[in-house]
Amino acid sequence: QYAMGAQAGELLLLLCVAFYTTLLAESIELGQDGFPAGFSFSNGWNPLKRANDWREMRTPVFDISKIGGVGDGQTKNTEVIDAAIAKIEQAGQGTLYFPAGVWLTAPFNLTSHITVYVDAGATLLASTDVADWPVIPFLPSYGQGRDKPGPRFTSFLHGEQLQDVIITGNGGVIDGQGSFWWPQVDTLPYTRGKLIELMYSSDITISHLHLKDSPFWTVHPYACDRVFATDLVITAVYSSKNTDGFDPDSSTNVLIQNSYISTGDDAIAIKSGWDQAGIDFGKPTANVLIRNMTLSSVDAAAICVGSEMSGGVTNVYAHNITAAITSTAVHIKSARGRGGFVTNMTVADMLANSGGTALEINDFYGAHPHGKPVNNSAVPIIDSISFVNFTSHGVWKRGVDFEGLNDSTITNVYLENVDLGNIVVESETCSNVKGTYRNVSPKPCSLLTPLD
């Protein structure tokens, strides 16, 4: 009845991922676990053991079409969904199943040991009735809403203090109807909600879905551990505001792989809090592996760290990446007042097209919380950043832009086998940076020391 075979939706999603995922020949050394040599998740976590989570439905299964739901795109199914989740919580586990149809609902809260399964031909559709979106407190590491001071709207799929959550499907769609929210950023009373946000949770799998048109950031694991994302298509139109694709935030042990992301803001943005609130929260994002991805964002970066990184970011490895259409291929962004650190980050085997700046590390980026003083002594520490086997076949305004602060030099930057393509407008910009390079064309800034 709930066949897990190669059905039409599964084939469509996998064909999309296969088409967009880069086919670069990997040059980095892989360990026996299939992860880059020298990279590891903590406590022996191996997310690949959960690669087949999407093929299984935990019992009991609650098929929304058989418990009172209506998939006509107009009838709200919120009460039916909430009742099913309550029964799953009572049973200790279960599956909330959405068959083909358009299932309109208000935001809803998940529970532990739940599988949300959106099948082929199914769309889980977010309500555009603002009254349906509860208001929740701001994130403690941000100190206020991101759009404006005060609390914020909840996310479409939300959960806190959960364990073992699977959000998956057979090529189904979760649609946030962001086009309703984007034009109202300045007039809404609170910060927009995300599409999926799990907080203080562990063992999360998100896979085999099309995540579409989030009102704000699309996937936001916050203070989570062991997050596995695979075989996703994440989209929002280029003109959409702040629709980051995947934002691990103060989270540890994160694998994002085999997916296509094309959004109106950074495709992947690694975060850990905003200015003093992030410093006080003090929870770094660590052990993040990103691989086999195609990423697009006309006005932002394929892979970004920050600018909210005040709790620190460390041990990040990205490889086998195609930056198809971006303003910046890799962007580490921070500012005086952020504090925090970005250390031990490697981007390897990246193919980039054209844009503004190919590789950028900038300590002069980003706004500060509304109405709060900036602690000018809180300077970011950026150290041990490597770019290896980067190839561009396009045209860039600028090849590299590495700008540190006078009292916080960017240190141990390393470039090897980097072909920046054609630089046609501006020369590289560098200040307060130290590092080395080998086999880079055209040559990067004079503050870096050649090794060849």
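How many bridges join β28 to strand β29, and in which sense do the two run? In this predicted model, three bridges link β28 to β29 (residues 448–450), and the pair runs parallel. If you want a spot to look at, find T436, which stands opposite T449 in β29.

T436 is also a handy way into the neighbouring pairing, since T436 in β28 is the bridge partner of Y414. That contact belongs to the parallel pairing of β25 (residues 410–419) with β28 (residues 433–441), which is held by seven bridges.

Now go back along the chain to β16, which covers residues 225–235. On one hand, β14 (residues 202–212) runs parallel to β16, with nine bridges joining them; L209, for instance, has L232 in β16 as its bridge partner. On the other, β16 pairs with β17 (residues 252–262), again in the parallel sense, over eight bridges. Here T230 is matched with Q257 in β17. How enclosed is β16 by the rest of the structure? Ten of its eleven residues are buried, meaning under 20% relative accessible area, so β16 is largely enclosed.

Last stop: an open sheet of four strands, paired in parallel and ordered β5-β10-β13-β15. The edge positions go to β5 (108–109) and β15 (219–222); each has a single partner strand, so one side of each lacks a neighbour in the sheet. Between β10 (residues 157–160) and β13 (residues 196–199) there are four bridges, and these strands run parallel. To see that pairing residue by residue, start from L157, whose bridge partner in β13 is I196.

Definitions and conventions. Residues are numbered from 1 along each chain as its sequence is written. This is a predicted model: local features need pLDDT of at least 70, side-chain atom pairs count only at pLDDT 80 or more; totals for chains, interfaces and linings use all residues. Side-chain values use heavy atoms; hydrogens and water are left out. Two strands pair if DSSP finds at least two bridges between them. Buried means under 20% relative accessible area, exposed over 50%, partly exposed in between (1.4 Å probe, protein chains only).
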